[in-house]
Each structure stands twice: as C-alpha cells, then as structure tokens.
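Trainee: I have a structure open and would like to talk it through before I set anything up. Could you go over it with me?

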Amino acid sequence: MAFTLPELPYAKDAFGSVLSAETFDYHHGKHHNAYVTQANDQIKGTDLEGKSLLEVIAAAKAAGNKKLFNASAQIWNHTFYWLGLSPEKTAPSAALLAKIEADLGGLDAFKAAIKAESAGHFASGWGWLVLEDGKLKVTSYHDADTPVAYEGVKPLFTLDVWEHAYYVDYRNLRPNYLDALLDHVNWAFVEANLDGEGASRADQQG
C-alpha cells in the first residue's frame, strides 16, 4: 500500500491563534502531504513498495539515499509532531513529572532547555525530547533527520523548527512559537512513548 497523509488528531481551528487553520492548511495539507507524494513516487516499482515507513527510512539511510530518507523521515517526524500537541493544556502524570525532575531538573527546566535548543538550532530541523541510555535528554536534529534512524534513541516529543511550521503565525519569532507550543504538549502521548506505546501511532499513520 502507498503511504497516505494521516488525518490531524484535532480540528484545524482547535488551537485558535496558537496555530491557525491557515498554518495547518499549509503545514499539514501542503508540506506534509508533499513528503507523502515524494516518498510514494520514489518507492513505486521498487522492492520498498509495500514496506512500512520505518523500513523505508532504515533502507534509505543504509543505502545513502538522501532524497528518499528526507521524504520518508519527514512523513514520520510530522506525524509524530501532530500527535505530540494538544489543543487543551495538559500536565504530566506524577510518574512522568518525577522522571523529568530526576533527569532534567523539573518541568520548567525542561521547557527552558528545549526552547533554548530549538530556538538556537541553526536553520531547519527539529527539537527533541528523547530517552537515551535510560535518561531523558533534550537535543535537536538537522533537516529531516530523526531519532528513529538511530539505535538506542527513543523519541518522546518534538518541536518542528522549519520556518514553514511557524512563519504564518509568528513570522521570524521562533521563540514565541516555541513558548506557545510548550503550553500545549500532549503529555499523555509523551508518557505513552516512554512506555513504548505511543510512537507506533506515528509508524502506522505513515
């Protein structure tokens, strides 16, 4: 089966001015969809046709096929990004909060760290909260790169810092966009990823 554009897990106007319906029209309807089209075009008629999204990402990386890696990894990254956001403000569970406090110094410290990492990330890419060697870690990846391409790195939450993610609503003010989204983390999804049950939703929606 060909990859398809996953539906958003909420209405396009659910975030109000935090992320406008126009942003979703462009970011999801055009940018995300373009990666789906590109990946399908590249695997059509090859032995990768019918493979899972993660299998395509791994094969593209192993073969050094940057064009296919970029398209397939961006499908996965974007799907994971949408799932990690919540129109309503939520809070981490007591267990997750204790983990954040132990590894990152607390919720405010986490938000400050991922904002600094994402705001300071040069050019296009993604800010990430991952689990590595049993501990939470804030990091960033360039362009289409993704934690699922690496052994021992479990993605928990991501912030898209490509300009098309925020320019409609925030113009060049990336820090303002980050502040707004960090009030709309889907903490249940983060915890599901920590427990090994969340990222599969992004895999299946490729």
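Mentor: Let us go through the sheet, then the core, then the helices, bearing in mind that this is a predicted model.

Trainee: Fine, sheet to start with. What is the strand order, and how do the strands pair?

Mentor: It is an open sheet of three strands in the order β2-β1-β3, and the pairing is antiparallel. The edge strands are β2 and β3, each of which pairs on one side only, and the twist from one strand to the next averages 25°.

Trainee: How many bridges join β1 to β2, and how many join β1 to β3?

Mentor: Eight bridges join β1 to β2, which covers residues 135–142, while seven join β1 to β3, which covers residues 153–160.

Trainee: Which residues are the bridge partners, say for Leu 131 and Glu 132?

Mentor: On the β2 side, Leu 131 has Leu 136 as its bridge partner, and Glu 132 is partnered by Lys 135. Towards β3, Val 130 stands opposite Pro 155, and Trp 126 has Asp 160 as its bridge partner.

Trainee: And the turn in the hairpin of β1 and β2, what is there?

Mentor: Two residues lie between the strands of that hairpin, and Asp 133 takes a positive phi near 55°.

Trainee: Is β1 mostly covered or mostly open?

Mentor: Mostly covered, since β1 spans residues 125–132 and seven of its eight residues are buried. β3 also has seven of eight residues buried, so that strand is largely enclosed by the rest of the structure.

Trainee: Which helices lie across the sheet strands, then?

Mentor: Helix α3 lies across β1 and β3 and runs at about 75° to β3, whereas α8 lies across β1, β2 and β3 and runs at about 155° to β3.

Trainee: Changing topic to the core: which residues touch the most other members?

Mentor: The largest nonpolar core has 61 residues, and Leu 19, Phe 157 and Tyr 177 are the ones that touch the most other members. The largest share of this core comes from helix α3, residues 66–83, which contributes ten residues.

Trainee: What is Leu 19 in contact with, leaving aside its sequence neighbours?

Mentor: Setting aside neighbours within four places in sequence, Leu 19 is in contact with Lys 12, Phe 24, Tyr 81, Leu 85, Ala 165, Asp 169, Tyr 177 and Leu 181. Tyr 177 therefore appears twice, as a contact of Leu 19 and as one of the residues with the most core partners.

Trainee: Back to α8. How does it pack with α4?

Mentor: Helix α4, residues 94–104, and helix α8, residues 187–194, pack at an angle of about 75°, with their axes 10 Å apart. That angle makes α4 roughly perpendicular to α8.

Trainee: Which residues meet there, and how do they divide by type?

Mentor: From α4, Ala 95, Leu 96 and Ile 100 meet Trp 187, Val 190, Glu 191 and Leu 194 of α8. The residues of this contact divide into six nonpolar, no polar and one charged.

Trainee: Which residues of α8 are buried, and what follows the helix?

Mentor: In α8, Trp 187, Phe 189, Val 190, Ala 192 and Asn 193 are buried, and the helix is followed by Gly 196, whose phi is positive, near 90°.

Terms used. Residues numbered from 1 in each chain as written. Predicted model: local features only at pLDDT ≥ 70, side-chain atom pairs only at ≥ 80, totals over all residues. Heavy atoms only, no water. Buried < 20%, exposed > 50% of the residue type's maximum accessible area, 1.4 Å probe, protein only. Helix = DSSP H or I, 4+ residues; strand = E, 2+ residues; numbered from the N terminus. Pairing = 2+ DSSP bridges. Core = buried A, V, L, I, M, F, W, Y, C linked by side-chain atoms within 4.5 Å. Contact = heavy atoms within 4.5 Å. Axes fitted to C-alpha atoms, helices over the stretch in contact; angles between N-to-C directions. Parallel < 35°, antiparallel > 145°, perpendicular 65-115°, else oblique. Nonpolar A, V, L, I, M, F, W, Y, C, P; charged D, E, K, R; others polar.
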